[in-house]
Amino acid sequence: MGPRIRTDAEKAVIKASFAARRRRQFLVLTPLLGIVIAVAGLADARSQAVLGVPAGVWAPALFAGLGGAAVYTLFNWRCPACNRYLGAQWSPMRCRGCGIPLR
Ligand SMILES: [Zn+2]
């Protein structure tokens, strides 16, 4: 079996699906990055408390958030056509697995 032939309509659906996945990645990762930067900037040099919140409280919450984002990315950041994980590339033009144009 050779590569599947897709119609222009199917290709358009795949591109729209990729655009939605990329938008969701942005919506999840941008606030998280902001929180990490804020925590790094606000942590008290001695106690590591952030705005009075002790490290024993904020650190587990932050790691839970990072872990959740990682799990979400594993499910979301995939090729809409072949479901291959897209890896650490922010704006892939096409899937490395099946070669489908994503944008
Ligand atoms: Zn693919």
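Where is the place of Ala16? In this predicted model, Ala16 belongs to helix α1, the helix that spans residues 8-42. Ala16 has a relative accessible area of 47%, a value under the 50% above which a residue counts as exposed, and Ala16 is therefore classed as partly exposed. A sense of the extent of the helix comes from a second residue: Leu32 follows 16 residues after Ala16 in sequence, and the C-alpha atoms of the two are 25 Å apart.

Helix α1 is best read together with helix α2, which covers residues 55-76. Two packed helices are described by the angle between their axes and the distance between the axes. Here the axes of α1 and α2 approach to within 11 Å and cross at roughly 160°. Angles over 145 degrees count as roughly antiparallel, so α1 and α2 run roughly antiparallel to each other. The crossing of α1 past α2 is left-handed.

The residues that meet between the two helices can be listed from each side. Helix α1 contributes Arg21, Arg24, Gln25, Val28, Leu29, Leu32, Ile35, Val36 and Val39. Their counterparts in α2 are Trp58, Leu62, Gly65, Leu66, Ala69, Tyr72, Thr73, Phe75 and Asn76. Leu32, already met as the partner of Ala16 in the distance of 25 Å, is thus one of the α1 residues that meet α2.

Between α1 and α2 lies a loop, and two of its residues deserve attention for their backbone. Gln48, located in this loop, has a positive phi of about 65° although it is not a glycine. Leu51, in the loop between α1 and α2 as well, likewise is not a glycine and has a positive phi, of about 50°. Their side of the picture differs in accessibility: Gln48 is partly exposed at 36%, whereas Leu51, at 72%, is exposed.

The segment after α2 holds a metal site. Which residues coordinate the zinc ion? The donors are the SG atoms of Cys79, Cys82, Cys95 and Cys98, at 2.3 Å. In sequence these residues follow the spacing C-x2-C-x12-C-x2-C. Cys79 and Cys98, both in the segment after α2, are 19 residues apart, and the pair links distant parts of the chain. The angles that the four donor atoms subtend around the zinc ion run from 105 to 113°, and the arrangement is therefore tetrahedral. For four tetrahedral donors, the ideal angle at a metal is 109.5 degrees.

Is Cys79 buried or exposed? With a relative accessible area of 1%, Cys79 is buried, because this value lies under the 20% limit. Cys98, by contrast, is partly exposed at 36% relative accessibility.

Tyr85 also has its place in the segment after α2. Its relative accessible area is 34%, which makes Tyr85 partly exposed. Beyond its neighbours within four places in sequence, Tyr85 contacts Thr73, Leu74, Trp77 and Arg78. Of these, Thr73 also appears among the α2 residues that meet α1. Tyr72, another α2 residue that meets α1, lies 13 residues from Tyr85 along the chain, with 12 Å between their C-alpha atoms.

A further link leads back to helix α1, where Lys15 lies. Lys15 is partly exposed, with a relative accessible area of 34%. Although Lys15 and the zinc donor Cys79 are 64 residues apart in sequence, their C-alpha atoms are 9.7 Å apart in space. Leaving aside neighbours within four places in sequence, the contacts of Lys15 are Pro101, Leu102 and Arg103.

Note on methods: Residues numbered from 1 in each chain as written. Predicted model: local features only at pLDDT ≥ 70, side-chain atom pairs only at ≥ 80, totals over all residues. Heavy atoms only, no water. Donors = N, O, S within 2.8 Å, 3.2 Å for Na, K, Ca; no water. Tetrahedral: all angles 85-135°; square planar, octahedral: opposite > 155°, others 65-115°. Helix = DSSP H or I, 4+ residues; strand = E, 2+ residues; numbered from the N terminus. Buried < 20%, exposed > 50% of the residue type's maximum accessible area, 1.4 Å probe, protein only. Axes fitted to C-alpha atoms, helices over the stretch in contact; angles between N-to-C directions. Parallel < 35°, antiparallel > 145°, perpendicular 65-115°, else oblique. Left-handed = near helix turned anticlockwise from the far one by under 90°. Contact = heavy atoms within 4.5 Å.
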